[in-house]
Amino acid sequence: MALDKNGIAKRIAQELRDGWYVNLGIGIPTLVANYIPEGIEVEFQSENGILGMGPFPFEGEENADLINAGKQTITVKKGAVFFDSATSFAMIRGQHVQLTVLGAMEVSQNGDIASWKIPGKMVKGMGGAMDLVASAENIIVAMMHTNKAGESKILKECTLPLTGVGCVKKIVTDLAILEVKDGKFHLIERAPGVSVEEIVAKTEGDLVVPDFVPEMQLD
Amino acid sequence: MNKVVKNVEEALKGIEDGMTLMVGGFGLCGIPENSIAELVKKGTKNLTCISNNAGVDDFGLGLLLQGKQIKKMVASYVGENAEFERQMLSGELEVDLIPQGSLAERCRAGGAGIPAFYTPTGYGTEVAEGKEVRVYNGKPHILEEALTADFAIVKAWKGDTEGNLIYKETARNFNPMMAMAGKITIAEVEELVPAGELDPNFIHTPGIFVQRIFQGEKFEKRIEQRTTRKRD
């Protein structure tokens, strides 16, 4: 069975390591914070100017001055800190953040990512995504393998305007984990019950499939 | 030096049609609400607004868009505003979308006397079109130029009569850099106190960057995405 959004987040959470500072993008990436493995400590950075983000507030305790980059009301953990946007992107561009998790509309086999614009139809802007992908050493893209029409979003070449070039190294979708290496996608794991054949059929880009593809272990 | 003006009308004196304004805030958080309301009242037109976002349809800079007061918008993310998207796709509104970190740094550079800088952000994308590329440490970077404005309008939590400012929580965001980059910087604050009452150790924006300060009449502080969790 293909994973739902929470399943994707849960699998990405397994990639977290103790002591990391992590930036989570809007959408599926935000859910990763709900599945931090036991026994490790990570700090979440939000590019609007906070380190040490806590959970959402209880009803009635929302604070208009305290939001994340998705404009959602949040709380802070002990030891949290606020800063301005230039300092925030100094942390990101200066590679002080160990992991960035973000969404995408398309990725290509050389690691390009498109996520901010559909010409003539939708223009939301890139927000902080171009800064994040240009500098982060460790980027995980969280996305659905196909669009609503069932077409692959894992492509030989992106068709939409790019957010960054050659920057994506790992992708976690509802069907699989892929790595991007040497201009090709490499199948690393498959979602529980999802066949290699299905993943191959739904991947437009060149996909290297090893003899044995393990199933994700989610529990 | 006393920077206090008596109200928002006086604070915004000199803002004319066709000028470039920087407006602080991230989403609706930390925006100068009172000044925006006054700009709507004044009806100033053909403005170029530099701000991370464009508000929502009926609040923040969205109010200026409704009245077609903005000719050009410079921002990083505009996804929350349907009227904005309509005006942009129809070509009524000029739009320059800038990566958020580059926007922040371009404002900072503008205030810090640095005319341009190289950044890896945006290389190989539309953002890099027409910009100089240079390789540092084996990686291509693009040249981004500083931004300044005729007026910068920022919002702070507390300010003193000298123009020293302290922001609250994530309402700081773009305000400090924009305060630096305005030829004239206007600060609207929730609480205006006499010089000496703010601890100099904890001031975020030194008053040298601020020319006019006033206490806002009221702050609605609208929440864009009210998100909560259940009590156990």
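In the predicted model, the association of chain B with chain A buries about 4,300 Å², of which 58% lies on carbon and sulfur atoms. Within the area that chain B buries against chain A, Glu169(B), Thr170(B) and Arg229(B) supply 16%, more than any other three residues. The contact draws 51 residues from chain B and 49 residues from chain A.

Polar interactions were then examined across this interface. Five salt bridges are found between chain B and chain A. One of these joins Glu126(B) to Lys117(A), with a separation of 2.9 Å between the closest N and O atoms. In addition, 28 residue pairs are in polar contact across the interface of chain B and chain A, both members of each pair being at pLDDT 80 or more. On the side of chain B that touches chain A, the elements giving two or more residues are the helices α4 (82-89), α5 (100-112) and α6 (175-181) of chain B. Of these, α5(B) provides the largest share, with six residues. By class, the residues on this side of chain B comprise 18 nonpolar, 17 polar and 16 charged.

The internal space of the model was also considered. Four cavities of 30 Å³ or more are present in the structure. The largest cavity has a volume of about 70 Å³, and 14 residues form its lining. Those nearest the centre of the largest cavity are Gly27(B), Ile31(B), Ser51(B), Asn53(B) and Leu61(B). The lining of the largest cavity is divided between seven nonpolar and seven polar residues, and charged residues are absent from it.

The second largest cavity encloses about 60 Å³. Its lining includes residues of both chains: Ala64(A) and Asp65(A) are contributed by chain A, while chain B contributes Leu28(B), Cys29(B), Gly30(B), Ile31(B), Glu33(B), Lys155(B), Phe219(B), Lys221(B) and Arg222(B). Five of the residues lining the second largest cavity are nonpolar, one is polar and five are charged. The linings of the two cavities thus contrast in charged residues, with none in the largest cavity and five in the second largest. Ile31(B) is found in both linings, being among the residues nearest the centre of the largest cavity and also part of the lining of the second largest.

Methods. Residues numbered from 1 in each chain as written. Chains lettered and ligands numbered in written order. Predicted model: local features only at pLDDT ≥ 70, side-chain atom pairs only at ≥ 80, totals over all residues. Heavy atoms only, no water. 1 Å grid on protein atoms, 1.4 Å probe; cavity = no way out; pocket = protein on both sides within 12 Å on 5 of 7 lines; lining within 4 Å. Points joined across faces, edges and corners; volume = space filled by probe spheres on them. Nonpolar A, V, L, I, M, F, W, Y, C, P; charged D, E, K, R; others polar. Contact = heavy atoms within 4.5 Å. Buried area = accessible area lost by both parts, 1.4 Å probe. Salt bridge = Lys/Arg side-chain N within 4 Å of Asp/Glu carboxyl O. Polar contact = N/O pair within 3.5 Å; in protein donor to acceptor, adjacent residues only side chain to side chain. Helix = DSSP H or I, 4+ residues; strand = E, 2+ residues; numbered from the N terminus.
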